[in-house]
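Trainee: Could you take me through the salt bridges in this one, slowly, and then show me how the surroundings fit in?

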Amino acid sequence: MTNSAFLRVLNGERVNPPPLWIMRQAGRYLPEYRELRTRAKNFLDFCYSPALATEAVLQPLRRFQLDAAILFSDILVVPDALGRKVWFVEGEGPRLEPLIGEEHWRFDEVERAIQRLAPVYEAVGRIKGSLDANTPLIGFCGGPWTVATYMLQGQGGDKERARRVAYERPLDVDRLLDLLAEMSARHLAEQVKAGADCLQIFESWAEGLPPLQFERLIIKPTQKLIQRLRQIGVATPIIGFPRGAGAEISNYAQRTGVTALGIDTSVPKILAPHGMPVQGNLDPLLLVVGGTALESGVRDVLERFSGAPHIFNLGHGITPEASVENVARLVDLVKGRA
Ligand code: CP3
């Protein structure tokens, strides 16, 4: 693993050209993924099948020269394991029964929930066994607030109900965030035990919070998660990706305990503390558009972040409309072959 450019950058080294992976690199833009996906009756069954999850991880690596693999799973396996049923509506996205009545605010024990996620850890082991020795594997979880938002809303989209409940039921919401921080720390620790080399926290819904709420809902729970993980003895590097954090992004980088900062498409420059690795942030739409727009977008990201240890990535997940040809072109552009 000492040969891995990705892990070297996470260790603070500047590597040129930068290592590259793509958020959601396994997914519906790949015809072979769409075919594989038909073999499970629903998306969570797919996630809980170690054989299918392993194959999904390997698919993009066969096509493109990517410098890291990411576990195939979802951030919503955590509420699912805690006993809040999760399902996916085809073409729309995730659904949960929202936390409204008292009977909804009951969650299973963390130990029990971790046991339910055994197929995920089995998948990590299998994936490690199938990857070549120099390809690091990224494990992940959702940020506590992002996962709580889905639990409070019952679906994606507008986060107004989640934000409102955070004000209205402060004790309940703080307790939920504590539970998610503990559960996520244990979930990540199990992934590392099974073979993950690096971890990413997807805080996809860090946007739109006033400073007091950013502190309470994002900073504090992430600190707890990372402190707990370190206390368990996990020393693995952690990439924090607070999407939409805006002016709070430096605060997040400095105070949560992350090793590296994932930056969304709107971040214009290195806003991490000096020497902290950054990851991002090409507009995913450019993989739909291609052509000279893709070329200048890639060049601009390379230039803007050349002063920091940099991992090339998108500023958010790749979309199903992206073309395989544009992804191949992106890899060539970053690797300097085009
Ligand atoms: O990056 C990878 O290749 C690893 C796999 C991965 C998935 N989801 C697979 C997936 C990862 C890292 C995630 C994280 C995730 N899941 C996030 C955080 C990242 C982000 O995009 O903000 C969030 C918010 C979720 C919740 C979730 N899961 C949503 C909103 C959706 C529906 C959106 C959509 O594109 O349909 C999912 C479903 C999902 N998770 C798919 C995949 C490949 C598509 C469903 C399918 O294939 O049927």
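Mentor: Searching the whole structure turns up 28 salt bridges, and bear in mind that this is a predicted model. Side chains of opposite charge can pair when their charged atoms come close. Let's go pair by pair.

Start with R62 and E55, whose side chains meet in a salt bridge at 2.9 Å, N to O. R62 counts as exposed, because its relative accessibility is 55%. E55, at 26% relative accessibility, counts as partly exposed.

Next, look at E111 and R186, where the salt bridge comes in at 2.3 Å, N to O. This pair links distant parts of the chain: E111 sits in helix 6 (residues 110-116) and R186 in helix 10, 75 residues apart. E111 is partly exposed, with a relative accessible area of 43%. R186 has 14% relative accessibility, so it counts as buried, the cut-off for that being under 20%.

Helix 10 takes part in another pair too: R228 forms a salt bridge with E182, with the closest N and O atoms 2.7 Å apart. R228 belongs to helix 11 (residues 211-232) and E182 to helix 10, so this salt bridge ties together parts that are 46 residues apart in sequence. R228 counts as partly exposed at 26% relative accessibility, and E182 also counts as partly exposed, at 26%. Then there is a network: E102, R169, D172 and R175 are joined into one by salt bridges that share partners.

Now for the nonpolar side of things. The largest nonpolar core has 125 residues, and those with the most contacts inside it are F6, F72, W145, M183, L282 and L330. Helix 10 (residues 170-194) turns up again here, since it gives this core its largest share, 10 residues. Zoom in on L330: leaving out residues up to four places away in sequence, L330 touches L20, I22, L282, L287, L294, V298, F312 and L314.

Two of those contacts, F312 and L314, take us to strand 9. All of H310, F312 and L314 point one way from strand 9, while I311 and N313 point the other way, and all are buried. With 5 of the 5 residues of strand 9 (residues 310-314) buried, the strand is largely enclosed by the rest of the structure.

So where does strand 9 sit in the sheet? The sheet is an open one of 7 strands, in the order 1-4-5-6-7-8-9, with parallel pairing. Strand 1 (69-70) and strand 9 stand at the edges with a single partner strand each, so one side of each has no neighbour in the sheet. For strand 9, then, put the two statements together: it stands at an edge of the sheet, and it is largely enclosed by the rest of the structure.

Strand 8 and strand 9 pair in the parallel sense over 5 bridges, and N281 stands opposite N313 in strand 9. Elsewhere in the sheet, strand 4 (residues 137-142) and strand 5 (residues 198-203) also pair in the parallel sense over 5 bridges. There, C141 stands opposite I201 in strand 5.

N281 deserves a second look for its backbone. N281 is found in strand 8, and a cis peptide bond joins G280 and N281, with omega about -15°. A cis peptide bond also joins N16 and P17, with omega about -5°; P17 lies in the loop between helix 1 (5-10) and helix 2 (31-37). The loop between helix 1 and helix 2 is the place of R24 as well. R24 has a positive phi of about 65° although it is not a glycine, and at 57% relative accessibility R24 counts as exposed. As background, most residues other than glycine have a negative phi, and most peptide bonds are trans.

Finish on the surface. L285, V288 and V289 make a nonpolar surface patch of about 250 Å². L285 is found in the loop between strand 8 (278-282) and helix 13 (286-289), and its 51% relative accessibility means L285 counts as exposed.

Terms used. Residues are numbered from 1 along each chain as its sequence is written. This is a predicted model: local features need pLDDT of at least 70, side-chain atom pairs count only at pLDDT 80 or more; totals for chains, interfaces and linings use all residues. Side-chain values use heavy atoms; hydrogens and water are left out. A nonpolar core is a set of buried Ala, Val, Leu, Ile, Met, Phe, Trp, Tyr and Cys residues joined through side-chain atoms within 4.5 Å. Buried means under 20% relative accessible area, exposed over 50%, partly exposed in between (1.4 Å probe, protein chains only). Helices (H or I, at least four residues) and strands (E, at least two) are DSSP runs, numbered from the N terminus. Contact means heavy atoms within 4.5 Å. Patches are made of residues with over 30% relative accessible area and no salt bridge: like charges are joined within 9 Å, nonpolar side chains (Val, Leu, Ile, Met, Phe, Trp, Tyr) within 5 Å. Accessible areas come from the Shrake-Rupley method with a 1.4 Å probe; for residues, only the protein chains shown count as cover. A salt bridge is a side-chain nitrogen of Lys or Arg within 4 Å of a carboxyl oxygen of Asp or Glu. Two strands pair if DSSP finds at least two bridges between them.
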